[in-house]
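Student: I should like to understand how the descriptive terms applied to this model are justified. Could we go through them one at a time?

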Amino acid sequence: MKEFYYRRAPDVPGAVALLDADPHARYLAGGTNLVDLMKCGVERPARLVDVRHLPLDRIEPAPDGGLRVGATVTNSDLAAHPDVRSHYPMLTQAVLAGASGQLRNMATVGGNLLQRTRCAYFTDTTKPCNKRTPGSGCPALSGEHHNHAILGASESCVAVHPSDMAVALTALDAVVHYETAHGTGELPLERMYLPVAGTPHRETALPAGALITGVSLPPVPVAARSRYRKVRERASYAFALASVAAAIDIRDGIVRDARLAFGAVASRPWRARAAERALIGAPATAETYAAAAEAELRAARPLPHNGYKVTLVRNLTAAVLSELHEEATR
Ligand SMILES: Cc1cc2nc3c(=O)[nH]c(=O)nc-3n(C[C@H](O)[C@H](O)[C@H](O)COP(=O)(O)OP(=O)(O)OC[C@H]3O[C@@H](n4cnc5c(N)ncnc54)[C@H](O)[C@@H]3O)c2cc1C
Ligand code: SF4
């Protein structure tokens, strides 16, 4: 492991000034991803700027009726918050489906959104990888890719984004707030993650040195009845093979509103807009739910060993929508 300097950020302006002054510095939050990547040599920062103790650890009501969540709120505190549990249950379920209790106590909202892919070639520095070393190649294309992307990938990279939380936040139209040495800014989460294209090493549209200060959740009435379902290779402590965040509002037998996002199928959380269009205004039936999943998955381009994900996501979507339907019409 490369030697590095450690500095606890005094405040938000102090944190962004430290990053601005040193392009080889990184923010350290819970450290549950960054420190692992430093140990295996993928990340080699010269300086760590510890932001975990900054006063960004509150969850507060927003003026529009939504919620503002600070970047250093732990995953555990986010999942347990009464307003999150009652207004955005898919978010609580997504966070609790990730990692372990100990990790969730350390991991923060900002760090979770910016965690890196779990592609095994990315973390093995003896192997080429376009994301780690641009232009070196993508061994996953012809190698081990059973948990890689089926949507929106490119010849350059077929890795998936590992966050569960980000899938629910994408379905909920969350907005990310950040600060740099030159001012503040915000980005809808869906636009924060860049399409993979030919530049998989460029993962987000955040400006260099940006400190995520928080995430806002707009009021989303349909999300009061919502669900996050994750399929993984063992019952806990594992990343998703596929996941679905879904919310649905049914009145007079018609789907009036719907939110749908998929996890572990693309380089970023996948907002299933074609499926949402197929749902809204259609009769609330099993046929509609199956057709909605199909509408989204028409764009799927599976690799030789991950075609099962197309069937998995199709069935998962139809099952979660049917469960929400039962709840709504009980
Ligand atoms: C064994 C294991 C199992 C896991 N399982 C899951 C799972 O099933 N689902 C899941 O979603 N996650 C899972 N995780 C990942 C875990 O959730 C992340 O490691 C964690 O959320 C990262 O948060 P952190 O605060 O520790 O980030 P750190 O490791 O401190 O930082 C991660 C990255 O974010 C940057 N960063 C941190 N905070 C900020 C900020 N405020 N502004 C700008 N940049 C910032 C850092 O510079 C770094 O690049 C697992 C992790 C482990 C080790
Ligand atoms: S899929 Fe992406 S992260 Fe994995 S080896 Fe290929 S380029 Fe690297």
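**Terms and their grounds**

Tutor: Let us begin with the ligand, bearing in mind that this is a predicted model. A nitrogen atom of ligand 1 lies 3.4 Å from an N or O atom in the side chain of glutamine 115.

Student: What makes this pair a polar contact?

Tutor: The cut-off for a pair of N or O atoms is 3.5 Å. At 3.4 Å, the pair formed with glutamine 115 is within that limit, and therefore it counts. Two further pairs involve an oxygen atom of ligand 1: one at 2.7 Å from a polar side-chain atom of threonine 108, and one at 2.9 Å from a polar backbone atom of alanine 29. Of the 980 Å² that ligand 1 exposes when taken alone, the protein buries 93%.

Student: Which helix supplies the largest share of the shell around ligand 1?

Tutor: That is H7, with three residues. The shell as a whole divides into 16 nonpolar, twelve polar and three charged residues.

Student: Why is serine 216 called buried?

Tutor: The term requires a relative accessible area under 20%. Serine 216, a residue of strand S8, has a value of 16%, so it is classed as buried.

Student: How do you know that the side chains of serine 216 and histidine 177 make a polar contact?

Tutor: Their separation is 2.6 Å, and the limit is 3.5 Å, with one atom able to donate a hydrogen and the other to accept it. The pair therefore qualifies. Beyond its neighbours within four places in sequence, serine 216 is also in contact with residues including Leu67, Arg68 and Asp173.

Methods: Residues are numbered from 1 along each chain as its sequence is written. Chains are lettered from A and ligands numbered from 1 in the order in which they are written. This is a predicted model: local features need pLDDT of at least 70, side-chain atom pairs count only at pLDDT 80 or more; totals for chains, interfaces and linings use all residues. Side-chain values use heavy atoms; hydrogens and water are left out. Accessible areas come from the Shrake-Rupley method with a 1.4 Å probe; for residues, only the protein chains shown count as cover. Helices (H or I, at least four residues) and strands (E, at least two) are DSSP runs, numbered from the N terminus. Ala, Val, Leu, Ile, Met, Phe, Trp, Tyr, Cys and Pro count as nonpolar, Asp, Glu, Lys and Arg as charged, and the others, Gly among them, as polar. Buried means under 20% relative accessible area, exposed over 50%, partly exposed in between (1.4 Å probe, protein chains only). Contact means heavy atoms within 4.5 Å.
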